[in-house]
Amino acid sequence: MLSIQNLQKSYGQHEVLKGVELKIEKGEILGFVGGNGAGKTTTLNCIAGLIEQNCGKIMINNVAKSQSLEYKKQFYYIPDTIHVFPNIAAYDWIHYVLKLYEKTDNEKLQNFINIFGMEKSIYKPMGTYSYGMLHKMALITAFTISPPILIMDEPLNGLDPLAVVAFKNCMKEYVEKGGTVLFSTHLLDVAEKICQSISFLKDGKIVLHERVENLLVDGSLETIFMEKQAHEG
Amino acid sequence: MKDNMQLIKFFLTSFYAKPKQPVIQVLLIIAFIYVAIQYFVLTLIIYFIETPEEYLFYNILLSNGVTYILISYFAISVVFSQSDFAIFAHLPISAKRVVMSKIISGVALPIIVVSILSIPTFFILLIEFKLAVAVKSIGFLLVMNVFIVLLLLFILSILNHFRSVFINTSVYLFVRMIFIVGIGISPMLYFLIKNYHAISIVLAKLDASTISALSASISDFLDIGYRFAMQQSLVETLLSLNTVISFILLFALCYLLFKATIKMIASKYYEHGLLVSRIEKTTKVWGRDIQSSLLNYLQREYWIIQSEPYFKMQAILGIILPPICTIIFLTLIQTNIVKAEWIVNNESFLFAYMVLFMSCMNNISGTPYSREGKYYASSMTMPFDPQKVYMAKVMTSSCIGTISVVISYIIYMLFGRGDIITGLHLLITLLLVITYNLLSPLYDRGHPLLEWSNPSEAIKSNPTVLISMLYGLPLLIVIGLLHFSLLSFNVSLSISAAIILMIAILCAITIIYKIFNRKNLECSSP
């Protein structure tokens, strides 16, 4: 589904990614874990086309990364900071994005609006939204589109408890229907519960890529994370 | 097409958002009505002193000029901005579609505004010509406006194509500004050079003793322009063509320019958007070991200006604009192009007022709080002294103003001018610039425009600039009028300069005292 080979990215002299290698199979939920500044967001931005890598190959569904519409229709990306047109109602924007993905299922959209409790606020301008509301709006868009792969950078940040539960349920349903998820998170307990695989990123390299059930034999994700951070550091 | 319309609407509401405060909404309407009346009066004056053909010619010229200014001021920065890259880069939408929507939404409003301003012209044309001719003329005027906009955008899209060649964005923005000004003034310069002799005769004969004499002088000047334009081969060719053919030709040219501009910008949309992530920059920190709290506040101001290349460009522009105008002004005087007696006799005052107005007319001093954008929250939540924040902002804009004023006066002296009175004028100018800089941030302090995505919104599209000018400029105008009144009562040059200097000092002290006193009262009130 998604394969990354030897992904390298540097900002001037500062090397952020030093050859990231990653593979995600169809129907898999992969949690991308790592300390601050490890390179998680850079990797996700590279996949989404917001950053150009210096070296490496990215493929989604056998479509190589490019600025083509074919590549971009393979995924929907939710960045950590969501940029919007402040004076536009979220409903209008979602409708517009759905058309770009050629998915105009109003019933499905309304269903997700109800699930995330945005019935009233969906018609308000996005400039008035809180951080959490923007994430809810992006999640509604993502699940309505249901692209082959969902890429999310800290999707749980700012969400209220009800929305977190809604997110987990929607993601489960999405994966059951054949969807694939790659998301970064610092919430290891959540990753432990919903991910099938975990990738640890440290100093721009994947230091561990394993299925969750295999990892949990040695203890909790938190313990493994602490060990990895201390050991490598 | 429907999807494109929706995208155009998104951009349009983003570029030209309606101000939230009702006061500013009303003020903008008043400003528009004021400009419309001025435009109408100007066209009416031309109508009464010129023939219908010349009236039509100058109306097209005026309309083109206003369109050019509005497009340069409002649309260019948004059309070439990359701020939407983060919204669209990961979505399945073609760069051409985004660019096309950006161009249409960027230029639509200025063109609509100019079209509304041209409505009275249509009715005046109806008085002189038949309906068909009036409709044709107004149609030609509007198509010419669109053509000029597209031509400008096309030229700038070529420059934009080579954006990555420039060492940094500020340099690119600065070169773009020079291009815009250069393209705008080149036809005027061409006209001036070609008609240098005739213009200098008209200027020398300029008689403002009676209204009829003044209108005759203006008419003479306008005649030169009209005759010159009609002699140009391009105009002659256009006029010799059949109306339908000339319209088809103009439409075809507009279409080609539109398509070429879209292609040029879209071809580099991703490359330029990705440029931002190519380098990691750290802004300099100075005076780390100096224990001065005001220096920390100034450091913060420096960081804010450094945060956006557009702000840096505005600061550079604020410094270099008065010296450039000084060189042009002095060259005109030195080469005897301007022979009018009143200009030659009052050269030193005209120079002083030109420098003063040019130093105050920048957008730096009126928008210091809006410029902060997302950083504004930190100044509210962290233990910053609001008074010191304000003073740091005044000092920053005054510093820019002072540098530009001093450089201008040095150039003035290098041109072989300058005496004790020039020294007094320099002092007066500096004091008035500081006074203006003390006044202009006051409205922005209370009503900053912080939710901007494109830095040009914080400066150019910010209504607080207009408001700060409304209460700042009268101070300069009153002092200017007072000065000329003193001179007309035959008060000697040095005494009138000394009186104005005293008034300027008084103004500066009063405003500083008022601002500090008000702040103290605010602090002491429970």
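In the predicted model, I151(A) touches L44(A), I47(A), A48(A), F75(A), Y77(A) and L182(A), leaving aside residues up to four places away in sequence. I151(A) also belongs to the largest nonpolar core, a set of 101 residues in which I140(A), I151(A) and L182(A) have the most contacts. The element that gives the most to this core is helix α5 of chain A (residues 131-145), with 8 residues. A second core, separate from this one, has 30 residues and includes A392(B), Y409(B), L438(B) and I500(B). In soluble globular proteins, nonpolar side chains tend to be buried together.

Three of the residues touched by I151(A), namely L44(A), I47(A) and A48(A), are among the buried residues of helix α1 of chain A. Of the 9 residues of this helix (residues 40-48), 9 are buried, so α1(A) is largely enclosed by the rest of the structure. The buried set is not restricted to nonpolar names: K40(A), T41(A), T42(A), T43(A) and N45(A) are in it, together with L44(A), C46(A), I47(A) and A48(A). After α1(A) comes G49(A), with a positive phi near 90°. The helix lies across five strands of chain A, β3 (29-34), β6, β7 (149-153), β8 (180-184) and β9, and runs at about 145° to β7(A).

The strands crossed by α1(A) are members of an open sheet of 6 strands in chain A, with the order β6-β7-β8-β3-β9-β10 and mixed pairing. At the edges of this sheet stand β6 (75-78) and β10 (205-211) of chain A; each has a single partner strand, so one side of each is left without a neighbour in the sheet. From one strand to the next, the twist averages 15°. The strand β9 of chain A (residues 197-202) runs antiparallel to β10(A) and is joined to it by 6 bridges. Within this pair, S199(A) has H209(A) in β10(A) as its bridge partner.

Chain A also contains an open sheet of 4 strands, ordered β2-β1-β4-β5, in which the pairing is antiparallel. Its edge strands are β2 (14-24) and β5 of chain A, each of which pairs on one side only. Strands of a sheet pair through backbone hydrogen bonds, either parallel or antiparallel. Between β1(A) and β2(A) the antiparallel pairing extends over 8 bridges, and L7(A) stands opposite V20(A) in β2(A). These two strands form a hairpin with 2 residues between them, and G12(A) in the turn has a positive phi of about 65°.

Strand β1 of chain A (residues 2-11) is further joined to strand β4 of chain A (residues 55-60) by 5 bridges, again in the antiparallel sense. I4(A) is paired here with I58(A) in β4(A). From β4(A), 2 bridges lead to the antiparallel strand β5 of chain A (residues 63-64), where A64(A) is the bridge partner of M59(A). The hairpin of β4(A) and β5(A) has 2 residues between the strands, and N61(A) takes a positive phi near 50° in it.

In chain B, helix α5 (residues 95-117) packs with helix α7 (residues 131-161) at an angle of about 145°, and the axes of the two helices are 11 Å apart. The crossing of α5(B) and α7(B) is right-handed. On the α5(B) side, the contact is formed by I103(B), V107(B), I111(B), V114(B) and S115(B), which meet L142(B), N145(B), V146(B), V149(B) and L153(B) of α7(B). By class, the residues of this contact comprise 8 nonpolar and 2 polar, with no charged residue.

Between the chains, 20 residues of chain B are in contact with 25 residues of chain A. On the chain B side, at least two residues each come from α1 (2-15), α4 (85-88) and α13 (269-275). The element of chain B that gives the most to this side is α1(B), with 5 residues. The residues that chain B contributes here divide into 11 nonpolar, 6 polar and 3 charged.

Definitions and conventions. Residues are numbered from 1 along each chain as its sequence is written. Chains are lettered from A and ligands numbered from 1 in the order in which they are written. This is a predicted model: local features need pLDDT of at least 70, side-chain atom pairs count only at pLDDT 80 or more; totals for chains, interfaces and linings use all residues. Axes are lines fitted to C-alpha atoms, for helices over the stretch in contact, and angles run from 0 to 180 degrees between N-to-C directions. A crossing is left-handed if the near helix is turned anticlockwise from the far one by less than a right angle, and right-handed if clockwise. Two residues are in contact if their C-beta atoms, placed from the backbone, lie within 7 Å. Ala, Val, Leu, Ile, Met, Phe, Trp, Tyr, Cys and Pro count as nonpolar, Asp, Glu, Lys and Arg as charged, and the others, Gly among them, as polar. Two strands pair if DSSP finds at least two bridges between them. A nonpolar core is a set of buried Ala, Val, Leu, Ile, Met, Phe, Trp, Tyr and Cys residues joined through C-beta atoms within 7 Å. A residue is buried if 20 or more other C-beta atoms lie within 10 Å of its own, exposed if 12 or fewer, and partly exposed in between; C-beta atoms are placed from the backbone.
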